[in-house]
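Q: I have a model open and would like to talk through its ligand site, its pockets and a few odd residues. Could you take me through them one at a time?

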Amino acid sequence: MLNKRNFLKSLLLLGTIPFTTKAKNILDEIPEEIKNKKPDDFWLQIRNDYILKPDYINLENGYFSMMAQPVLEKYMADVRMINTEASYYMRTVQFEKKQKVSDRLAEMLGCAGDELIITRNTTESLDTVISGIDWKAGDEAIMAEQDYGSMLDMFKQQSKRYGLVQKIISIPFHPKSDEEIIALYENAITPKTRLIMICHIINITGQILPIKKVCDMAHKKGVAVMVDGAHAVAHIDFKISDLNCDYYGSSLHKWLGTPMGAGILYVRKDKIKTHWPIYAEYGFEETDIRKLNHTGTNPVPVDIAIHHAIDYHQKIGVKRKEERLRFLQNYWTSKAKNIKHVFINTPEEAGRSCAIANVGVEGIKPADLAKLLFDKYKIWTVAIDSANVHGVRITPHVYTTTDELDIFLKALESISK
Ligand SMILES: Cc1ncc(COP(=O)(O)O)c(C=O)c1O
């Protein structure tokens with residue numbers, strides 16, 4: 001396993017970097033000639049910022065991303081500081097610090113500071129939206145069978161409780177055009193439709209959906225759109241303001257690499273007033289988004305660690321990260337699709353997918369494929385066998401190397417035989 005010390009030693013032996021002592025944050029110390037020489041040198045330096053388990057190749061980075069070591073170290077320092085300051089921290093600067101992070105996130109994601117709050121995760125964000133609408137019996141909401149189970153369940157609860165009608169469509173793996181997707185949502189709209197839920201990136205296949213076009217179409221028909229952006233923030237380059245959506249929820253512990261338990265909720269200004277919070281909060285005006293953000297006492301070091309994760313993310317740069325992740329996915333899918341009996345459940349077109357893709361082998365159940373990959377080839381993935389998707393989800397990250405993907409490809413070749 002290439003650890004930090006060995007990696008530095010190897011670079012020193014090669015004469016690639018000048019001798020330095022006390023190397024703390026390698027990212028800060030990447031010499032320009034390395035950064036600009038070969039992209040792989042840069043990404044090897046990034047890899048060196050992560051402590052990876054040597055027992056297996058991790059191609060299941062869609063659940064959550066581990067923190068890079070520079071982020072983890074600063075987070076641990078915050079945990080210690082807040083543990084020492086205790087209620088003094090909570091009673092003096094807690095909310096001011098949280099607001100600063102929230103404002104920085106709003107700037108990064110291209111929305112107004114008073115339209116965004118920090119939540120614990122996408123589930124909390126989207127369930128706040130779904131449960132906060134005053135549903136009347138017969139109201140309709142459109143969603144896809146490939147949407148995330150917890151949100152589908154939350155809509156189911158509104159059906160049982162208020163008589164909401166769930167209209168469930170199915171997204172094709174390989175759409176011919178954006179229009180094909182838009183038509184699916186449009187055809188499901190009736191005069192009773194109040195909300196569309198749509199994934200920015202479908203978690204089980206990695207497909208990126210044409211959010212802005214769906215929002216534009218829906219708004220023409222008076223329907224609001226809630227976007228499940230669990231996988232999009234810090235994965236692909238976009239601004240919420242460009243999407244024209246009404247609600248947007250994401251988890252920052254997925255691609256931004258924060259500690260677990262950080263997310264965002266965006267609510268368009270004009271939607272805030274009539275929205276019911278899950279936890280009552282009358283300390284703010286009805287039009288103030290903070291009324292949706294009453295959390296009780298919660299792990300506040302996570303809030304401020306978001307700063308450290310943004311710092312790290314911005315040093316890489318979202319465009320460079322998106323390109324790298326797409327490169328890694330294309331690297332293996334472009335080869336895997338030519339292996340006999342292997343099929344890819346993710347669209348090929350550049351704008352329709354990025355890091356995540358799903359692959360299956362004819363005649364092998366997803367769970368068996370995932371087990372075989374792990375037991376025999378030491379490759380960690382996750383089986384997906386629902387919503388018409390049958391395969392294993394492969395999610396490389398910034399620390400994944402093409403060597404690791406070559407090992408995965410060899411495993412696929414052997415298995416398919
Ligand atoms: C599409 C999608 N939505 C929502 C979630 C829920 O995210 P969290 O568990 O961080 O709330 C996930 C988690 O994987 C997801 O993939």
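Q: Let's begin with the ligand, then: which residues come nearest to it?
A: This is a predicted model, and in it 13 residues lie around the ligand, of which Thr123, Asp228, Ser251, His253 and Lys254 come nearest.

Q: What does the side chain of aspartate 228 have within reach of a ligand nitrogen, and how far away is it?
A: An N or O atom in the side chain of aspartate 228 is 2.6 Å from a nitrogen atom of the ligand.

Q: And which ligand atom does serine 251 face with its polar side-chain atom?
A: Serine 251 places a polar side-chain atom 2.7 Å from an oxygen atom of the ligand. Asparagine 203 also has a side-chain N or O atom to consider, and an oxygen atom of the ligand is 3.3 Å from that atom.

Q: How much of the ligand's accessible area does the protein cover?
A: On its own the ligand has 390 Å² of accessible area, and the protein covers 89% of that.

Q: Moving on to pockets, what volume does the largest one have?
A: The largest pocket has a volume of about 530 Å³. It is lined by 28 residues, and those closest to its centre are Gly62, Tyr63, Tyr148, Asn203 and Lys254. Two of these names came up with the ligand, since Lys254 is among the residues that come nearest to it and Asn203 has the side-chain atom at 3.3 Å from a ligand oxygen.

Q: Which helices and strands supply that lining?
A: At least two lining residues come from each of helix H7 (122–132), helix H8 (149–162), helix H12 (252–255) and strand S12 (382–386). Strand S12 gives the most to the lining of the largest pocket, with three residues.

Q: How does the lining divide by residue type?
A: In the largest pocket, the lining residues divide into 13 nonpolar, eleven polar and four charged.

Q: How much space lies in the second largest pocket?
A: About 460 Å³ of space lies in the second largest pocket, and of the 25 residues that line it, Phe95, Lys98, Phe284, Arg290 and Asn293 are the closest to its centre.

Q: Which element gives the most there?
A: Helix H6 gives the most to the lining of the second largest pocket, with six residues. Helix H6 (94–109), strand S2 (116–119) and helix H14 (300–316) each supply at least two. By type, the lining of this pocket divides into eight nonpolar, ten polar and seven charged residues.

Q: You named Phe95; is phenylalanine 95 buried or exposed?
A: Phenylalanine 95, which lies in helix H6, counts as exposed because its relative accessibility is 59%, and the cut-off for exposed is over 50%. Its C-alpha atom is separated by 9.4 Å from that of valine 300, although the two residues are 205 apart along the chain.

Q: What about closed cavities, how many are there of 30 Å³ or more?
A: The count comes to two cavities of 30 Å³ or more, and about 90 Å³ of space lies in the largest cavity. Of the 14 residues that line the largest cavity, Tyr50, Trp255, Leu256, Gly257 and Tyr312 are the closest to its centre.

Q: What is that lining made of?
A: The lining of the largest cavity divides into nine nonpolar residues, four polar and one charged. Helix H14 gives the most to this lining, with three residues, and H14 is also one of the elements that supply the lining of the second largest pocket.

Q: Now backbone oddities: what is the phi of alanine 234?
A: Alanine 234 has a positive phi of about 70°, although it is not a glycine. Most residues other than glycine have a negative phi. Alanine 234 sits in the loop between strand S6 (224–228) and helix H11 (240–243), and it counts as buried because its relative accessibility is 4%.

Q: And what phi does asparagine 244 have?
A: Asparagine 244 has a positive phi of about 60° without being a glycine. The residue lies in the loop between H11 and strand S7 (247–251), and with a relative accessible area of 26% asparagine 244 is partly exposed.

Terms used: Residues numbered from 1 in each chain as written. Predicted model: local features only at pLDDT ≥ 70, side-chain atom pairs only at ≥ 80, totals over all residues. Heavy atoms only, no water. 1 Å grid on protein atoms, 1.4 Å probe; cavity = no way out; pocket = protein on both sides within 12 Å on 5 of 7 lines; lining within 4 Å. Points joined across faces, edges and corners; volume = space filled by probe spheres on them. Helix = DSSP H or I, 4+ residues; strand = E, 2+ residues; numbered from the N terminus. Nonpolar A, V, L, I, M, F, W, Y, C, P; charged D, E, K, R; others polar. Buried < 20%, exposed > 50% of the residue type's maximum accessible area, 1.4 Å probe, protein only. Near = heavy atom within 4 Å. Polar contact = N/O pair within 3.5 Å; in protein donor to acceptor, adjacent residues only side chain to side chain. Areas by Shrake-Rupley, 256 points an atom, 1.4 Å probe, with all protein chains shown as cover.
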